[in-house]
Amino acid sequence: MLKDRIENLESILAATSEPSKAELDLILSKAATLKGLSLEETATLLKTTDPDLRASIRSAANDLKKQVFGDRVVLFAPLYLTNYCVNGCLYCGFRASEPGEDG
């Protein structure tokens, strides 16, 4: 359920401390491989308050964006008018089925 996922994310954020520069560099180097980050690693990035470290995160995110999308503008549709949907699109948080029920 969505409520369980939100509670899981909140507990991960609560248990995560602000990263050192070495921890941040390790996470950003993993992100550069384009293989994704865990929830814990993402929470660590979110806990960063140091302005210099946040600038490093922004710079790495910009580099990754350019690597993935280049200089093009990417638009996503459709617009959601409600939080209910009967479709089962795997990318979408509004899909009718829960993760793992998709087949």
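## A tour around helix H2

Begin by selecting helix H2, and then show what covers its buried residues, which includes helix H3 (39-46) and H4; contact here means heavy atoms within 4.5 Å, and buried means under 20% relative accessible area, with exposed meaning over 50% and partly exposed in between (1.4 Å probe, protein chains only). Helices (H or I, at least four residues) and strands (E, at least two) are DSSP runs, numbered from the N terminus.

Before going further, keep in mind that this is a predicted model, in which local features need pLDDT of at least 70 and side-chain atom pairs count only at pLDDT 80 or more, while totals for chains, interfaces and linings use all residues. Residues are numbered from 1 along each chain as its sequence is written, and side-chain values use heavy atoms, with hydrogens and water left out.

**The whole chain.** Zoom out to the protein chain, whose secondary structure comes to four helices and zero strands, running α-α-α-α from the N terminus on. Of its 103 residues, 17% count as buried, and among contacts between residues at least 6 apart in sequence, 55% join residues at least 24 apart. The chain exposes about 8,000 Å², of which carbon and sulfur atoms supply 60%; accessible areas come from the Shrake-Rupley method with a 1.4 Å probe, and for residues only the protein chains shown count as cover.

**The two sides of H2.** Return to H2 and select Leu24, Ile27, Leu28 and Ala31, which are the buried residues of this helix. Seen down the axis of H2, these buried residues fall within an arc of 95 degrees, so they line one face of the helix; the arc is that of the directions from the helix axis to the C-beta atoms. Turn the view to the other side of H2, where Ala22 and Leu26 are exposed.

**Two salt bridges.** A search of the whole structure finds two salt bridges, a salt bridge being a side-chain nitrogen of Lys or Arg within 4 Å of a carboxyl oxygen of Asp or Glu. For one of them, select lysine 21 and aspartate 25, whose closest N and O atoms are 3.2 Å apart; both residues lie in helix H2, four residues apart, about one turn of the helix. Lysine 21 counts as partly exposed because its relative accessibility is 48%, and aspartate 25, at 36%, counts as partly exposed. While aspartate 25 is selected, add leucine 53, which is 28 residues away in sequence and 9.2 Å away in space, C-alpha to C-alpha.

Next, select glutamate 41 and lysine 30, which form a salt bridge with their closest N and O atoms 3.0 Å apart. This pair links distant parts of the chain, with glutamate 41 in helix H3 and lysine 30 in helix H2, 11 residues apart. Glutamate 41 is buried, with a relative accessible area of 18%, whereas lysine 30 is partly exposed at 35%. Leaving aside its neighbours within four places in sequence, glutamate 41 is in contact with Ile27 and Lys30.

**A patch on the surface.** Finish by selecting Leu34, Val68, Phe69 and Phe76, which make a nonpolar surface patch of about 410 Å². Patches are made of residues with over 30% relative accessible area and no salt bridge, like charges being joined within 9 Å and nonpolar side chains (Val, Leu, Ile, Met, Phe, Trp, Tyr) within 5 Å. Within the patch, phenylalanine 76 is found in the segment after helix H4 (51-69), and phenylalanine 76 counts as exposed because its relative accessibility is 70%.
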